[in-house]
Amino acid sequence: MRAFVITKYKEPLREAEVAEPTVGERDVLVQVHAAGLNQLDEKIRLGEFKQILPYKLQLVLGNDVAGTVLSVGEKVTGFKPGDEVYSRPHQDRMGTFAERIAIAEEDLALKPRSASMEEAGSLPLVALTAWQALVEQGKVRQGQKVLIHAGAGGVGSIAIQLAKHLGATVATTASSSNAGFVRGLGADVVIDYVTQDFEQLLSGYDLVLDSLGGDNLHKSLRILKPGGKVIGIAGPPDPAFARAAGLNPILRLAITGLSSKVRKQARKLGVSYEFLFMRASGDQLRQISALVDAGILRPIVGKVFTFVEAPEALQSLAAGGYRGKAVLTVTN
Ligand SMILES: NC(=O)c1ccc[n+]([C@@H]2O[C@H](COP(=O)([O-])OP(=O)(O)OC[C@H]3O[C@@H](n4cnc5c(N)ncnc54)[C@H](OP(=O)(O)O)[C@@H]3O)[C@@H](O)[C@H]2O)c1
């Protein structure tokens, strides 16, 4: 089948003929119709994750999929051929920039009925990230104040909508041309990150979702109320992540060291910092489907590329120029 692969880190994505997926007894074989693009794909291509995720090359890239079930393994009970599904496959089994992919049943869900394949394919990684940050880790409650950075981006555009649904007052950072767009998603306070300093304008926040890291992360700690929390998805990784990732002791120590400064600053301020590295979850995708079908979450597809345009699509992530997500369509 056709797929987009890398055979060496840093080399451009290229089309290749690869073997058909092997379908295990608890796997579902999916015909790919749409595959969302993520910054993670580009970071993997550049080799930025090779310590944490030691992939064997050649590697088919792609972390998001919407498509149709072709066949199921003998122990699969929840899906049948013809079902329209979506998924962020387990990190060890990525490879959605391809005509077909085998995915563990537990990582799959029926796609929202009201969403097109492109819309569904844009959702899994960013919606799971928003869910795990705001529902699981952040436990956002009615009346809390939440800042979502980069509100016009893939994660931000879903996180704003989810935080509103959870009953929070939501602030976000965006460039001025996206102010109306993020207000439309539900943001109550919009800060132009080019001309304004969010640290001067916000205080007493319960939670910040930081997708930028660096200075942005340190400033975010300072707008929290005592006991508040920053959840960082751009890093640095924290000790809990290093433990859960099952890394060797030397790497674990090195990774833990990366966040020691920010954790120390957080302690001084009486707040906390947690890193989130999202994971696959079919259960959470089912809850996300329900929110989409209820009109609570709206997928934001900013740009659609054809399958052969995959290398340009990946490059477009750095250039930006669209809101929400870029998606590849895979016609067979
Ligand atoms: N740890 C995890 O599990 C996890 C999961 C998902 C994503 N991530 C990471 O999170 C980051 C964001 O991902 P994404 O998919 O949302 O990226 P994205 O869609 O590419 O984000 C682009 C957005 O970033 C905004 N932006 C750029 N500079 C900004 C600044 N200084 N302040 C505020 N907004 C700014 C832009 O806003 P304007 O267009 O308004 O200028 C643009 O809309 C990436 O580094 C990604 O790798 C991590």
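**Close-up views of a predicted model**

**View 1. Helix α7 and its covered residues.** Start with helix α7, where N216, L217, H218, K219, S220 and L221 are buried. This is a predicted model, and the helix spans residues 214–221. Six of the eight residues in α7 are buried, so that the helix counts as mostly covered, with buried meaning under 20% relative accessible area.

**View 2. The neighbours of α7.** Stay with the same helix and look at what surrounds its covered side chains and backbone. Two other helices pack against the buried residues of α7, namely α6 (198–201) and α10 (260–269). Strands β12 (205–210), β13 (224–232) and β14 (272–275) also pack against these buried residues.

**View 3. Residues around the ligand.** Now move to the ligand, which has 20 residues around it. Those that come nearest are Q39, G154, Y193, L276 and M278. Sorted by class, the shell holds eleven nonpolar residues, eight polar ones and one charged one.

**View 4. Backbone atoms beside the ligand.** Zoom in a little further to meet three residues by name. A polar backbone atom of L276 is 2.7 Å from a nitrogen atom of the ligand. For M278, a backbone N or O atom lies 2.7 Å from a ligand oxygen atom. S175 also places a backbone N or O atom by an oxygen atom of the ligand, here at 2.9 Å. How much of the ligand's accessible area does the protein cover? On its own the ligand has 940 Å² of accessible area, and the protein covers 78% of that.

**View 5. Elements that build the shell.** Which elements give two or more residues to the shell around the ligand? Three are helices: α1 (39–45), α3 (124–137) and α4 (154–165). The strand β10 (169–174) completes the list.

**View 6. The setting of the close-ups.** Step back to see where these details belong. The protein has twelve helices and 16 strands, and its C-alpha trace spans about 55 × 45 × 40 Å along the principal axes. The radius of gyration is 20 Å, which agrees with the value near 20 Å for a compact globule of 332 residues. Of those 332 residues, 56% are buried. Among contacts with a separation of 6 or more, 68% link residues 24 or more positions apart. On the outside, the protein exposes about 14,300 Å², and carbon and sulfur atoms supply 52% of this area.

Definitions and conventions
Residues numbered from 1 in each chain as written. Predicted model: local features only at pLDDT ≥ 70, side-chain atom pairs only at ≥ 80, totals over all residues. Heavy atoms only, no water. Near = heavy atom within 4 Å. Polar contact = N/O pair within 3.5 Å; in protein donor to acceptor, adjacent residues only side chain to side chain. Areas by Shrake-Rupley, 256 points an atom, 1.4 Å probe, with all protein chains shown as cover. Helix = DSSP H or I, 4+ residues; strand = E, 2+ residues; numbered from the N terminus. Nonpolar A, V, L, I, M, F, W, Y, C, P; charged D, E, K, R; others polar. Rg over C-alpha atoms; globule rule 2.2 N^0.38 Å. Buried < 20%, exposed > 50% of the residue type's maximum accessible area, 1.4 Å probe, protein only. Contact = heavy atoms within 4.5 Å.
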